[in-house]
Every structure is written in structure tokens, then in C-alpha cells.
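Open the model in your viewer and keep the selection tool at hand. We will move from stop to stop, and each stop says what to pick.

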Amino acid sequence: MGLLLAENKDFIHLSKAGMHVLSLGSQEQRAIKDINGADRMIHSLESCNFLKVDRNNYLVFECSKPDGRAVSVQQEYSKGDGSGEETLFQHLLSVKLCEVTLRELLLFNSLYVCKTLSEIIDIVNDQPDPQVFYKSFLELNGTNMVSILSFDSRSMSYLLSDQFAQHFSKEYPLFYRNKI
Amino acid sequence: MQIIIEYIVKYQDDFVSSFLFQKNFPTLLEKGIEVKKLLDSHVFNYEFDLDEWPSTHNNPREELRPFNQNLFMLRQHYKTVFPEDEFIPLDEQKNDSVKVDNSKVYKIKYSLNLLPSIGTYLHKETDPYTKQEISYLKNEDINLLA
């Protein structure tokens with residue numbers, strides 16, 4: 001069963017698994033409280049529009065797996081002749097939206113309290129597996145730490161080096177349009 | 001910036017990445033950042049093979065044509081880009097009165113140079129719902145000559 005709330009344009013979906021809230025309005029983000037009273041931030045579907053390469057692109061939200069949420073940018077096109085047309089989609093890029101852990105939040109906080117650039121570089125270079133810098137988070141407005149740290153060439157030379165090539169792919173680019 | 005460009009050329013070598021440089025490419029030139037690898041890559045050179053565009057033809061010449069429409073509408077514009085009778089697709093020539101030599105057929109390689117989209121240009125777009133054509137200036141704030 002589903003219902004649409006008139007005030008916030010939230011779509012509420014009720015099922016055996018529980019209640020799901022989908023923000024359909026234009027407001028980018030809004031603070032709410034979950035069932036346990038914990039503070040949560042709900043992001044609307046439109047808040048990911050910045051990912052579009054062209055205004056006619058479509059966004060596909062793949063949320064079936066909680067640990068594998070991704071937003072894909074696609075372009076619709078039609079194929080066929082007068083007898084019948086088929087609608088297809090050209091895939092342009094995808095962004096995996098990860099859930100931030102407490103350890104990752106503490107690491108990001110450490111970067112923000114650094115007083116000098118060399119302190120930031122030390123923290124970046126001390127990470128044996130810098131995967132956390134490649135992950136995109138809604139808490140970072142949909143971007144990743146690589147984009148945020150792109151002002152520093154020494155951090156970039158470490159994070160973008162070929163030794164971490166297993167984390168790089170064309171399908172999930174590290175550099176894409178962001179709000180920063 | 002050099003490191004990021006090298007990363008993009010190696011791991012994001014796709015026309016989608018060209019949109020990252022639409023506003024800042026003149027700044028890269030001004031700052032003296034090397035862009036050769038970027039220009040040699042597929043970032044600004046979109047090679048495409050679309051079902052709506054003929055893949056073979058009996059015309060062996062290399063042709064250079066302008067394209068001002070929306071990039072994502074490219075597949076519908078073969079006849080806009082090549083309106084002449086000599087470029088009619090082979091399967092349509094059979095019913096046509098134009099006499100052509102079909103004894104030799106060549107594979108066609110299409111590529112679209114996206115560099116002109118960096119500066120100011122007149123962008124044409126067809127609304128997918130109303131089919132109305134809209135034209136407007138894009139990147140008005142970008143001046144390659146400044």
C-alpha cells in the first residue's frame with residue numbers, strides 16, 4: 001500500500017518489511033527522526049539531478065541492495081520503424097552511494113580539523129587501503145573525498161596512482177559533476 | 001590538475017568526461033597545463049556506431065560536417081548531417097533512381113569532435129514531447145580568445 005503526503009511530497013510505502021519513505025519533492029534534503037528516534041537526513045530524488053550530463057537525461061535509482069545503492073545516468077532513445085518502436089536507454093555513468101561508517105566519519109573529521117596541508121597529506125598517505133576516498137556519500141553532497149581533495153597534488157598523486165587501479169572503473173567514474 | 005587529467009585519460013576515457021571540461025578548458029590553457037593527452041584521447045573525440053547510421057557505403061571519401069544539434073539526439077540526424085543523394089544508405093539506394101556503383105563497399109568509421117562545444121556556440125535542441133526546435137547560446141561566459 002502506498003500514499004502520497006501532500007505537504008512534503010513524500011511517498012510512503014507500507015509492506016510486510018516495514019515502512020519506506022521516498023522523498024519526491026524538490027527540497028534537496030530534510031532532517032527527520034527514524035523509528036528509534038535517531039536523527040536522519042532524507043534526500044529527495046531530485047537532489048541527484050546535478051549528475052545529469054544533459055537536461056534530457058534520466059536518473060535510475062538502484063536501491064534493491066542496501067550496500068549497493070547506485071544512481072545511473074541514462075539517455076532514452078527509440079529504435080524501430082513504423083511497425084513498432086522500442087524504447088531503450090544508453091548508459092552514461094553510474095555513481096555508487098555508500099553508507100558512511102563511524103570510522104569513516106572520524107577520518108573525514110580528522111581531515112577537516114587539520115591545520116596544515118602536510119597534515120592532510122600525512123593522513124591520506126597513511127591509509128593502506130584508500131577505498132574510503134573513492135566512495136561517494138550523500139553526507140558529502142553526493143561526491144567523494146577525491147574530488148574534495150583535488151586541490152592538493154600530493155594527495156592526488158597518491159590516491160590516483162596505478163597501485164590502486166582495482167578501485168577505478170569507467171562505469172563508476174571518480175570525477176563527475178558535483179555541487180562543490 | 002595534470003594528475004587528474006592523466007587519470008581521466010586512462011580510466012574515464014569516454015565522451016561523458018568531456019562535460020567536465022566545458023567551462024574550465026580555457027583556464028587550463030591559460031595556466032599552461034598540458035592537455036595533449038586529453039586532446040589525443042576519446043574524451044573530445046566521440047567514436048560512435050549507431051544502428052540508425054549506415055555502417056557501410058560505396059563512397060570511400062573522408063567527409064567533415066558540422067553538427068549543432070543535441071549530442072544525445074545524434075542517432076536521428078544522419079540525413080541532417082548528410083542530406084546529399086550520394087550519401088543515401090545502401091539499403092535505400094535500391095529503390096532510388098540514383099545510379100551508384102555497388103561493386104565496392106567500405107566500412108564507415110564515424111567520430112564527433114566535441115572540442116567546439118567548449119566555447120560559445122548556438123545550441124539547437126528538439127523537445128522530445130512537443131517536437132518543437134529550440135535554439136539558444138551555450139557557454140556564453142566562456143571565451144576561448146580572451
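How many helices and strands does chain B have? Select chain B and count: five helices and six strands. Here helices are DSSP runs of H or I with at least four residues, strands are E runs of at least two, and both are numbered from the N terminus.

Two notes before going on. This is a predicted model, in which local features need pLDDT of at least 70, side-chain atom pairs count only at pLDDT 80 or more, and totals for chains, interfaces and linings use all residues. Residues are numbered from 1 along each chain as its sequence is written, while chains are lettered from A and ligands numbered from 1 in the order in which they are written.

**Stop 1: chain B as a whole**

Trace chain B along its sequence. The pattern is α-α-α-β-β-α-α-β-β-β-β. Its radius of gyration is 18 Å, well over the 15 Å that the globule rule gives for 146 residues, so chain B is more spread out than a compact globule. That radius is taken over C-alpha atoms, and the rule is 2.2 Å times the number of residues to the power 0.38. Turn the C-alpha trace: along its principal axes it spans about 55 × 35 × 25 Å. Buried residues make up 12% of the 146. Buried means 20 or more other C-beta atoms within 10 Å of a residue's own; exposed means 12 or fewer, partly exposed lies in between, and C-beta atoms are placed from the backbone.

**Stop 2: where the chains meet**

Show both chains. The contact takes 15 residues from chain B and 18 residues from chain A. Two residues are in contact if their C-beta atoms, placed from the backbone, lie within 7 Å.

**Stop 3: the start of chain A**

Select residues 2-4 of chain A, which are strand 1, and residues 10-15, which are strand 2. They run antiparallel, joined by three bridges. Strands count as paired if DSSP finds at least two bridges between them. A:Gly2 stands opposite A:His13 in strand 2. Five residues lie between the strands of this hairpin, where A:Lys9 takes a positive phi near 60 degrees.

Add residues 18-23, strand 3 of chain A. Six bridges join strand 3 to strand 2, again antiparallel. A:His13 has a bridge partner here too: A:His20. This hairpin has two residues between its strands.

**Stop 4: an open sheet**

Still in chain A, find the four strands in the order 6-7-8-9. They form an open sheet with mixed pairing. Strand 6 (58-62) and strand 9 (136-137) stand at the edges, each with a single partner strand, so one side of each is left without a neighbour in the sheet.

Now select strand 7 (residues 70-81) and strand 8 (residues 84-98) of chain A: they pair in the antiparallel sense over twelve bridges. A:Val71 has A:Val95 in strand 8 as its bridge partner.

**Stop 5: one residue in strand 7**

Is A:Gln75 buried or exposed? A:Gln75 is buried, with 20 other C-beta atoms within 10 Å. Leaving aside neighbours within four places in sequence, its contacts include A:Asn57, A:Phe89 and, from the other chain, B:Phe72.

**Last stop: a helix**

Pick residues 102-113 of chain A, helix 1. Its twelve residues should span 16 Å at 1.5 Å a residue, and the end C-alpha atoms are 16 Å apart, which agrees. The expected span is 1.5 Å times one less than the number of residues. This helix is hardly covered: its count of buried residues is zero.
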